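Work through the exercises below with the sequence and the 3D structure open beside you. Try each task before reading its solution.

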Amino acid sequence: MNTVCFLGHSTMKPTCRILFSCRNSGIFGFTPVKCYHRLVSNGNSTKLCLNFEHNCQFHTSPCHNLSGFRRVVDDTRKAFRVPSWSLGQSGVISRSCDVGLRSRGVSVIANVASRLRNLSTSVETRVNENNFERIYVQGGINVKPLVVERIDKDENIVGGGEDSGIDAGDGKANLENREGLSELKVESPKREETNIEKEAWRLLQNAVVTYCGSPVGTVAANDPGDKQPLNYDQVFIRDFVPSALAFLLKGEGEIVRNFLLHTLQLQSWEKTVDCYSPGQGLMPASFKVRTVPLDCNKFEEVLDPDFGESAIGRVAPVDSGLWWIILLRAYCKITGDYALQERVDVQTGLKMILNLCLSDGFDMFPSLLVTDGSCMIDRRMGIHGHPLEIQALFYSALRCSREMLSVNDGSKNLVRAINNRLSALSFHIREYYWVDMKKINEIYRYKTEEYSLDATNKFNIYPEQIPSWLMDWIPEEGGYLIGNLQPAHMDFRFFTLGNLWSIVSSLGTPRQNEAILNLIEAKWDDLVGHMPLKICYPALESEEWRIITGSDPKNTPWSYHNGGSWPTLLWQFTLACIKMRKLDLARKAVALAEKRLADDRWPEYYDTRTGRFIGKQSRLYQTWTIAGFLASKMLLDNPEMASLLFWDEDYELLEICVCALSKTGRKKCSRGAARSQILI
């Protein structure tokens, strides 16, 4: 396994080794050698081994160098050694270290992307091809750009020789600048923290997970009384987002930077279910730091990712990669560390996620087709198809990517494809997912079995699908985006996360965004009650619950995903309210939560129709409940920071039409409907 090592400076402080493995399947159309992972016991010690088809074994140990890797520094006059490139999937990320001892030094690839553009990835994109994006690397294939190698402080890192290509003085300055970024403090109005906020910060700090001495995330829950934590003791990508925002708003960027880089190295690591691996570019749902014993009375810390192969239901996380992109943009915006998004490995990982999401399939719609349980609602709840939550996150991730992608000859087609998808997706959601009193009355009078390009009832929706509860529930002023849309099926449930994130990302029109908050205000008792906020409304009950959930005993009516109240949604509600200039509505919700959360020991969710009871299986000291509360408080204290986290309407998207079908004699799709909604 050939590798390349780059050397630079970074604010990441752990001194770690990263060991990569290949996938059984090919990467970007190329087929690497097969490799397998196993632990081989030898007396009282255990070594991590990789068995290749070529009958060679590589061992990691503090007594030996990592096989297959060259030392980062052979000579101060030869700071960069570039052999034939080999970029495989991220394998085991590990570091040989003495337990309890502090790390002594680190070298990480950092701000060298701009100097090494000739070695960076390039992208050739063809829209509407099966292999949507092909990534090539000059000099070979299968390159993993980030290699972290332990360097003692007294060892020369970069020499001043002519072969180094980087001036040592510049490197020192960059390191100092990076360290300054990690200590960036966000100026906010002086307000003394309440005792509840102080307790929340203490609990959030206690939930921090360290890897080789540096913070890399927060556990999902830290309940000392939980005898069976299952995977709640792991770091989840989606769960860490509110924690990351809380740390960023407080000026602590190091943990977020570490999290972004380490999860990037776990991207698409080989995990299988019954000999089948998930798609290239997939981000894990979670990871855990495990300690593996080695020779010489040493121990090694290893990051072990979970892509769904251990999850209840064995579903892959569709939303993890989308949240990772959103968090990357938030980190760069708040800290000003835009060099992170320009790194070769970050750009490559970003393109891999886009490749997975933008790949052509059999679907006729611009929305993402996903299975049940692949997002925050991670159990069977009848959201298979095109759930609103995924579409809103997908739209946000595309807008983030358009900002962060380095535009060059290799990526310009990818940017064009992103613009086309953004335009098609926004029109699709705004036109077909939106319901208010006027739209419901239109559906009520739908004609069915229409066959034509000019059909009004394009999805053949039968009026009998309109539920009786909706007739009386929808207010005169207000509306929302439905939960799902498929042929002959509209899921009229109100899903809070999808609607809130549609406001934040401007997936909905300005008029629709205003109407969503009007509906929440009008139906406050139903959607907020005693604890913000309902994950969906209404709950599935009786025979409908039995059929759709499979008689799930955890998703009983008005509990967990089935109409339960989730305090973590508070920060997204606050962000949406700030964007739409309804701060009083956000303050009302935050004050409501503040009365109970600490006394109830920060539960994961609440039960009953109005959220009066702590969830029957709710974990206590749930980290994203704590972090969501803190992020909401800080956003309200410093609302100008919220502008870095949401998007305004992009009017240029309304002018883009990807159909271009005039040559075939077909009718072009019209953007008039979308434009008229904005101008009204």
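**Exercise 1: The nonpolar core**

In this predicted model, the largest nonpolar core has 160 residues, and Tyr480, Ile520 and Phe573 are the ones that touch the most other members. Find which helix gives the most to this core, and then list the contacts of Ile520 beyond its neighbours within four places in sequence.

Solution. Begin with the helices: helix H5, residues 319-335, gives the most to the core, with 11 residues. Next, turn to Ile520, which, once its neighbours within four places in sequence are left aside, is in contact with Phe494, Leu500, Leu527, Val528 and Phe573.

**Exercise 2: Two crossing helices**

Describe how the axes of helix H4 (residues 254-265) and H5 cross, and state which residues make the contact.

Solution. The two axes come within 10 Å and cross at roughly 145°, and the crossing of H4 and H5 is left-handed. On the side of H4 the contact is made by Val256, Arg257, Phe259, Leu260, Thr263 and Leu264, while H5 contributes Trp324, Leu327, Leu328 and Tyr331. Sorting the residues of this contact by character gives eight nonpolar, one polar and one charged.

**Exercise 3: The span and the packing of H17**

Check whether the 12 residues of helix H17 (residues 583-594) agree with a span calculated at 1.5 Å a residue, and find what its buried residues pack against.

Solution. The expected span is 1.5 Å times one less than the number of residues, so the 12 residues of H17 should span 16 Å, and the end C-alpha atoms are indeed 16 Å apart. The buried residues of H17 are Leu585, Ala586, Ala589, Val590, Ala593 and Glu594. They pack against helices H2 (195-206), H13 (510-522), H14 (524-527), H16 (570-579) and H18 (623-637).

**Exercise 4: Two arginines in loops**

Is Arg379 buried or exposed, and which residues does Arg596 touch beyond those up to four places away in sequence?

Solution. Arg379 is placed in the loop between helix H7 (344-358) and helix H8 (388-404). Buried means under 20% relative accessible area, and Arg379 therefore counts as buried because its relative accessibility is 19%. Apart from neighbours within four places in sequence, Arg379 is in contact with Ile312, Asp372, Gly373, Asp552, Lys554, Asn555, Tyr560 and His561. Arg596, in turn, lies in the loop between H17 and strand E17 (606-607), and it touches His530, Met531, Tyr606, Gly611, Arg612 and Phe613. Arg596 and Arg612 are 16 residues apart along the chain, with their C-alpha atoms separated by 9.9 Å.

Key: Residues are numbered from 1 along each chain as its sequence is written. This is a predicted model: local features need pLDDT of at least 70, side-chain atom pairs count only at pLDDT 80 or more; totals for chains, interfaces and linings use all residues. Side-chain values use heavy atoms; hydrogens and water are left out. Helices (H or I, at least four residues) and strands (E, at least two) are DSSP runs, numbered from the N terminus. Buried means under 20% relative accessible area, exposed over 50%, partly exposed in between (1.4 Å probe, protein chains only). Contact means heavy atoms within 4.5 Å. A nonpolar core is a set of buried Ala, Val, Leu, Ile, Met, Phe, Trp, Tyr and Cys residues joined through side-chain atoms within 4.5 Å. Axes are lines fitted to C-alpha atoms, for helices over the stretch in contact, and angles run from 0 to 180 degrees between N-to-C directions. A crossing is left-handed if the near helix is turned anticlockwise from the far one by less than a right angle, and right-handed if clockwise. Ala, Val, Leu, Ile, Met, Phe, Trp, Tyr, Cys and Pro count as nonpolar, Asp, Glu, Lys and Arg as charged, and the others, Gly among them, as polar.
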